[in-house]
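New to this one? Take a moment to look it over before reading on.

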Amino acid sequence: MTGRQTTAGQPDRGGRERASAEERLARAALSRVVEPGGAAVGRWLLERSAVELVRVLRDGAGHPRLRLDQARRDTLRRRLATVDPAADVAAVAELGGRFLVPGDPEWPGQLADLAEGEPIGLWVLGTGSLRLLALRSVAVVGSRACTEYGSHVAAELAAELAERGWVVCSGAAYGIDAAAHRGALAVGGMTVAVLANGVDVRYPRGNSELIDRIRAQGQLVSELAPGEHPNRFRFVLRNRVLAALTRGTVVVEAARRSGALSTAHRALALNRHTMGVCGPVTSELSAGVHELLRGGATLVTSATEVIELIGAIGADLAPPHHEQPRPRDLLHGPAADLLEAMPGGPAGAGPGELAVRTGRTPDQVLKLLYELCSLGFVQRVGSHWRVIR
């Protein structure tokens, strides 16, 4: 196959079949009753359909390929009896969103790198193709309780990335996440928020306005069904999607126990580019980043350095950092030696004194002084010469 097919049951470019309507609804139901990243369900979906899994769970009889104990199966069966996946899909569609599953043209193929941890499906609000956006995306993450330095760096980095056509992804949380989203939005760039709650839930409440702006200008993405609220484990599980979805992850500021580091560790495990921004060595909020850098992440200080790592080989190189030479640095030979020998005070020195200091004749010194004068380094004051500050 050389292209995607529009008929259900035909494979896409990744070899996966387009999901039928029944399969889509089955996955929508599972997203409501199963926590993200479950290994047992993930292994099943790598080999079998969601339709069959829902049938097995509703029957409660078990299956040799489904490694769940009876208590867990009973819990899932009770949950399944209460869900209405068609209503969930319709509710998100009414908000202008959609439910994506593997095999859809918009499904990001790199999520398959998560293997059994690949999302069952993704609920999406916003315009544009998530697959295309993810092709040029970078995650910018960090501490919620960030410093002013960290917030500034994250916003500037995100703005520069967005101006160069890169999609900035983060988690819409307080601190570094919010600064990254705002930086991209400020320059009219594209940004994607990967949430640990339903796409129709504004969390945290203090970022409600920001989340609305992301939805209008970018995308909100979540594994969790509409109306679902976050908890500590869902944040950690969300981070694996953020790491897999993007070309690389940049940690701007994070303490040793920061949840943002889980995104970076996931990125490292997935062989994604993992980067960190150095902070003050006295700051606890930078200690986690510094440990990450010592453990193999790459130090970056600008958007150009980030793009050099995650962009096209040989085409997105960062410009070399060269300090502009000062005029005095361009002097060589006797003239440079004489300028170094001149006293720094306002009185200066005469040609005779400078001749003694440099071991040259007064005539040689006088010639060099006029050269330095023409270059703007010294000036004559009476019989003496002094350095121009």
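Here is a short tour of one strand and a few charged pairs in this predicted model.

## A covered strand

Let's start with strand β3, residues 137-141, where five of the five residues are buried. Both of its faces are covered: Ser137, Ala139 and Val141 sit on one side, with Val138 and Val140 on the other.

## The strand's neighbours

β3 runs parallel to strand β4 (residues 167-170), and three bridges join the two. One of the partners here is Val167 in β4, which pairs with Ser137. Add helix α7 (residues 148-163), and β3, α7 and β4 make a right-handed β-α-β unit.

Strand β7 (residues 248-251) also pairs with β3, again parallel and over three bridges. In this case Ala139 has Thr249 of β7 as its bridge partner.

## Charged pairs

How many salt bridges does the structure hold? There are 16. In one of them, Asp88 meets Arg32, with the closest N and O atoms 2.7 Å apart. That pair links helix α5 to helix α1, across 56 residues of the chain. Asp88 is buried at 11% relative accessible area, while Arg32 is partly exposed at 23%.

Arg234 and Glu35 form another, at 2.8 Å from N to O. Arg234 belongs to helix α10 and Glu35 to the loop between α1 and α2, 199 residues apart. Arg234 is buried at 9%, whereas Glu35 is partly exposed at 30%.

## A shared network

Some of these residues hang together: salt bridges with shared partners join Arg32, Glu35, Asp88, Glu228 and Arg234 into one network.

Conventions: Residues numbered from 1 in each chain as written. Predicted model: local features only at pLDDT ≥ 70, side-chain atom pairs only at ≥ 80, totals over all residues. Heavy atoms only, no water. Buried < 20%, exposed > 50% of the residue type's maximum accessible area, 1.4 Å probe, protein only. Helix = DSSP H or I, 4+ residues; strand = E, 2+ residues; numbered from the N terminus. Pairing = 2+ DSSP bridges. Right-handed = clockwise from strand over helix to strand, strands pointing away. Salt bridge = Lys/Arg side-chain N within 4 Å of Asp/Glu carboxyl O.
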